[in-house]
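Please work through the exercises below with the sequence and the coordinates open. Each task is followed by a solution in steps.

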Amino acid sequence: MKTKELILILRKLRIKKLWNAFKILSSYYVSRITAKPVSWGLPICIAVEPTTACNLRCPECPSGLRSFTRPTGNLKIAQFKQWLDPVKDSLWSIHFYFQGEPFIHPQIHEAIRYAGQAGIYTMSSTNGHFLDAEQCEKIVRSGLDKLIISIDGTTQETYESYRIGGELKKVLEGVECLVETKKKWKSRSPYLIFQFLVVRPNEHQIPEIYKLAKQYGVDEVKLKTAQIYNYVNGSNLIPEQDIYSRYKKNESGSYQLKNKLQNHCWKLWHSPVITWDGKVVPCCFDKDAQHVLGTLDQHNLEAIWNNEAYQKFRTDLMQSRKSIDICKNCTEGTKVWA
């Protein structure tokens with residue numbers, strides 16, 4: 001973690017939040033030791049979905065493929081505030097992202113500002129196509145702490161091979177605008193990250209993405225391995241460099257996940273995901289909300305966090321994680337840190 005980001009994080013630390021994090025971490029390890037689900041405290045982080053809409057057609061994304069079977073739509077800000085209030089004092093961070101492009105939502109800045117005023121560290125992710133001057137002003141003024149910008153190629157040809165329908169020049173112009181807007185307001189935030197999804201067409205450009213980040217004043221580069229839905233028989237997206245792949249090739253020529261899927265998962269103890277319409281799901285791998293553990297129109301997050309459905313899911317995971325469909329392509333233990 002770099003000093004710039006650490007400063008932003010430390011500004012949001014509170015005793016109550018630290019105590020809650022300690023309880024959650026303790027209960028996670030007690031659960032691992034006893035093989036029974038114990039959950040003390042409330043979520044440390046949550047991911048909230050502003051919208052399911054997206055302007056791009058990325059080939060391994062439900063938003064890009066327009067393949068959801070669940071309802072699609074936009075987060076209602078008034079409802080978001082109601083969902084947040086019962087847990088805001090113990091919550092450390094919110095990631096305004098699940099599926100879709102967050103900055104399509106016209107009021108996302110209001111949600112970010114509300115969370116930030118509650119002392120919560122705020123993050124979001126974007127494909128960078130909506131970073132015009134007005135948007136950049138709103139982002140900086142909202143107090144957003146961290147923004148991840150997906151940029152999966154350093155030339156248009158490579159970039160659009162995955163970010164179908166995208167324009168690299170527009171993204172870079174938006175980044176430039178955002179950096180200049182931060183300078184204008186003398187703002188440390190948002191901390192800017194270039195996220196580079198490593199696939200076969202772009203893996204040769206990894207050195208170049210670091211140069212590009214430096215050129216545009218971006219704070220950090222993160223390399224991310226790609227999830228491939230139908231990976232067993234291989235894919236032209238699987239990188240040739242093994243370190244950047246979630247999958248390994250067997251002697252038979254087929255592929256399997258590198259992760260051994262041990263019967264525990266930190267996500268289930270600290271960070272739920274909330275869809276735009278208030279469904280609480282286990283994690284970001286449940287993209288189509290097949291495992292709804294509660295709905296926020298009926299109960300608050302505090303009640304859902306330790307309800308029967310959540311505890312059953314934790315139990316099932318500890319007994320046989322590989323038998324849960326959304327876990328079968330999970331990246332835990334196979335991330336690339338850069």
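The exercises that follow concern a predicted model.

**Exercise 1. Cysteines**

Determine how many disulfides the structure holds, and why Cys58 is not part of one.

Solution.
- Step 1. A disulfide requires two cysteine sulfur atoms within 2.5 Å.
- Step 2. For Cys58, the closest cysteine sulfur belongs to Cys61 and lies 6.0 Å away, which is too far for a bond.
- Step 3. Cys284 is likewise in no disulfide, since its nearest cysteine sulfur, in Cys283, is 5.2 Å away.
- Step 4. The count for the structure is 0 disulfides.
- Step 5. As to their surroundings, Cys58 is buried at a relative accessible area of 6%, whereas Cys284 is partly exposed at 35%.

**Exercise 2. The sheet and its strands**

Establish the strand order of the open sheet and identify its edge strands.

Solution.
- Step 1. The sheet has 9 strands with mixed pairing, in the order E6-E5-E4-E3-E2-E1-E9-E10-E11.
- Step 2. Strand E6 (220-225) and strand E11 (294-295) pair on one side only, which makes them the edge strands.
- Step 3. Strand E2 (residues 93-96) runs parallel to strand E3 (residues 121-126), with 4 bridges between them; Ile94 stands opposite Thr122 of E3.
- Step 4. Helix H8 (residues 168-184) packs on the sheet, where it touches strand E4 (146-150) and strand E5 (191-198). The direction of H8 makes about 160° with that of E5.

**Exercise 3. Strand E5**

Decide whether the faces of E5 are covered or open, and describe how E5 is paired.

Solution.
- Step 1. In a regular strand the side chains alternate between the two faces of the sheet.
- Step 2. One side of E5 carries Tyr191, Ile193, Gln195 and Leu197, and the other carries Leu192, Phe194, Phe196 and Val198; all of these are buried, so both faces are covered.
- Step 3. The count agrees: 8 of the 8 residues of E5 are buried.
- Step 4. E5 pairs in the parallel sense with E4 over 5 bridges, and Lys146 has Tyr191 as its bridge partner in E5.
- Step 5. E5 also pairs in the parallel sense with E6, over 6 bridges; here Leu197 stands opposite Lys224.

**Exercise 4. Helix H6**

Find which residues of H6 are buried and which are exposed, and where they lie around the axis.

Solution.
- Step 1. The buried residues of helix H6 (residues 133-142) are Gln135, Cys136, Ile139, Val140 and Ser142.
- Step 2. These residues lie on the same side of H6, because they cover an arc of only 165° around the axis.
- Step 3. Ala133, Glu134 and Arg141 are exposed on the other side of H6.
- Step 4. The buried residues pack against helix H5 (108-117) and H8.
- Step 5. Just after H6, Gly143 adopts a positive phi of about 85°.

**Exercise 5. The nonpolar cores**

Identify the residues that touch the most other members of the largest nonpolar core.

Solution.
- Step 1. The largest nonpolar core has 94 residues, and those touching the most other members are Val48, Phe80, Ile94, Phe96, Val175, Phe194 and Ile274.
- Step 2. E5 gives the most to this core, with 7 residues.
- Step 3. With residues up to four places away in sequence left out, the contacts of Val48 include Leu75, Phe80, Ile94, Phe96 and Ile274.
- Step 4. Another core, of 5 residues, lies apart from the largest one; among its members are Ala47, Phe98, Val273 and Ala289.

Terms used: Residues are numbered from 1 along each chain as its sequence is written. This is a predicted model: local features need pLDDT of at least 70, side-chain atom pairs count only at pLDDT 80 or more; totals for chains, interfaces and linings use all residues. Side-chain values use heavy atoms; hydrogens and water are left out. Buried means under 20% relative accessible area, exposed over 50%, partly exposed in between (1.4 Å probe, protein chains only). Two strands pair if DSSP finds at least two bridges between them. Helices (H or I, at least four residues) and strands (E, at least two) are DSSP runs, numbered from the N terminus. Contact means heavy atoms within 4.5 Å. Axes are lines fitted to C-alpha atoms, for helices over the stretch in contact, and angles run from 0 to 180 degrees between N-to-C directions. The arc is that of the directions from the helix axis to the C-beta atoms. A nonpolar core is a set of buried Ala, Val, Leu, Ile, Met, Phe, Trp, Tyr and Cys residues joined through side-chain atoms within 4.5 Å.
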